[in-house]
Amino acid sequence: MVLEWIYDLTYALLKPFKKFLKPNSFAEKAMISIEKVGKGVVFDCQMCGQCILHSTGMVCSMNCPKNLRNGPCGGVRLNGHCEVKPEQTCVWVKIYEGSLASPKYGSEIMWIQPPVDRTLQDSSSWVNLLHGIDQKMKTVWQTQDEKDALEPIFRGSNEKE
Ligand code: SF4
């Protein structure tokens, strides 16, 4: 998927500038503006500051009316629409479809995501990623071995499509 490629490219381009892209710096303020516009237009980003887009089929999970980071909930309708907003397709249906179309990161939909850290709201997710600020809670929810074990399960379900 081209969005996965853009994600990898953006990370590669930003990484050398890590020492300039510090939390609470002018550079972070600039990044926040860029993310608000760029990710806002493309992903309807809600600026949670701890982006998991590449783990959710390049669909922003924060647009789920319940803000679920692990979904779907039990209320998704038979037609794949949202329980809360019946007029819209369930965000987690879109995430599932996006994950199937994501050869590199699609299997990460199997990962258990930690709760949203609301203290990071409206900060730069790229700055937080570069400095590991968004990683603090992640390792306590699922070990890397458990994550690795899920990859072939996902790929197996993908092949049945
Ligand atoms: S997961 Fe967070 S940072 Fe990423 S697009 Fe959604 S709201 Fe924005």
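**Figure 1. Leu 53, a buried residue in a loop.** In this predicted model, Leu 53 counts as buried because it has 22 C-beta neighbours inside 10 Å; the cut-off for that label is 20 or more. Leu 53 is placed in the loop between α2 and α3, the latter covering residues 91-100. Leaving aside residues up to four places away in sequence, Leu 53 touches Phe 43, Met 58 and Cys 60. Glu 97 stands 44 residues apart from Leu 53 along the chain, and their C-alpha atoms are separated by 13 Å.

**Figure 2. The largest nonpolar core and a second core.** The largest nonpolar core has 15 residues. The members that touch the most others are Leu 53, Val 59, Cys 60, Cys 90, Val 91, Trp 92 and Ile 95. A second core, separate from this one, has 5 residues, among them Leu 21, Met 31, Trp 126 and Val 127.

**Figure 3. Trp 92 and the cis peptide bond at Pro 72.** Not counting residues up to four places away in sequence, Trp 92 touches Cys 64, Leu 68, Gly 71, Pro 72 and Val 76. Two of these names, Gly 71 and Pro 72, also mark a cis peptide bond, with omega near 0°. Pro 72 is found in the loop between α2 and α3.

**Figure 4. The surroundings of the ligand.** The ligand is surrounded by 13 residues. The closest are Cys 45, Gln 46, Cys 48, Cys 51 and Cys 60. By type, the shell divides into 9 nonpolar residues, 3 polar and 1 charged. Cys 60 also appears among the residues with the most contacts to other members of the largest nonpolar core.

**Figure 5. Helix α2 and the residue just after it.** Helix α2 runs over residues 26-43, which makes 18 residues. From its first C-alpha to its last, α2 reaches 24 Å, close to the 26 Å expected at 1.5 Å a residue. Just after α2 comes Asp 44, with a positive phi of about 55°. Asp 44 has this positive phi although it is not a glycine. Asp 44 lies in the loop between α2 and α3 and is exposed, with 12 other C-beta atoms within 10 Å.

**Figure 6. Asn 67, a residue with positive phi.** Asn 67 is a residue other than glycine, and its phi is positive, near 55°. Asn 67 is found in the loop between α2 and α3. With 15 other C-beta atoms within 10 Å, Asn 67 is partly exposed.

**Figure 7. Helix α1, largely in the open.** Helix α1 covers residues 2-14 and has 13 residues. The distance from its first C-alpha to its last is 18 Å, close to the 18 Å expected at 1.5 Å a residue. The number of buried residues in α1 is 0, so this helix lies largely in the open.

**Figure 8. The whole chain, for orientation.** The chain has 5 helices and 0 strands, and along the sequence the pattern reads α-α-α-α-α. Its C-alpha trace spans about 50 × 35 × 30 Å along the principal axes. The radius of gyration is 16 Å, which agrees with the value near 15 Å for a compact globule of 161 residues. Of the 161 residues, 25% count as buried. Among contacts in the chain with a separation of 6 or more, 62% join residues 24 or more positions apart.

Terms used
Residues are numbered from 1 along each chain as its sequence is written. This is a predicted model: local features need pLDDT of at least 70, side-chain atom pairs count only at pLDDT 80 or more; totals for chains, interfaces and linings use all residues. A residue is near a molecule or strand if its C-beta atom, placed from the backbone, lies within 6 Å of it. Ala, Val, Leu, Ile, Met, Phe, Trp, Tyr, Cys and Pro count as nonpolar, Asp, Glu, Lys and Arg as charged, and the others, Gly among them, as polar. Helices (H or I, at least four residues) and strands (E, at least two) are DSSP runs, numbered from the N terminus. The radius of gyration is taken over C-alpha atoms; the globule rule is 2.2 Å times the number of residues to the power 0.38. Two residues are in contact if their C-beta atoms, placed from the backbone, lie within 7 Å. The expected span of a helix is 1.5 Å times one less than its number of residues. A nonpolar core is a set of buried Ala, Val, Leu, Ile, Met, Phe, Trp, Tyr and Cys residues joined through C-beta atoms within 7 Å.
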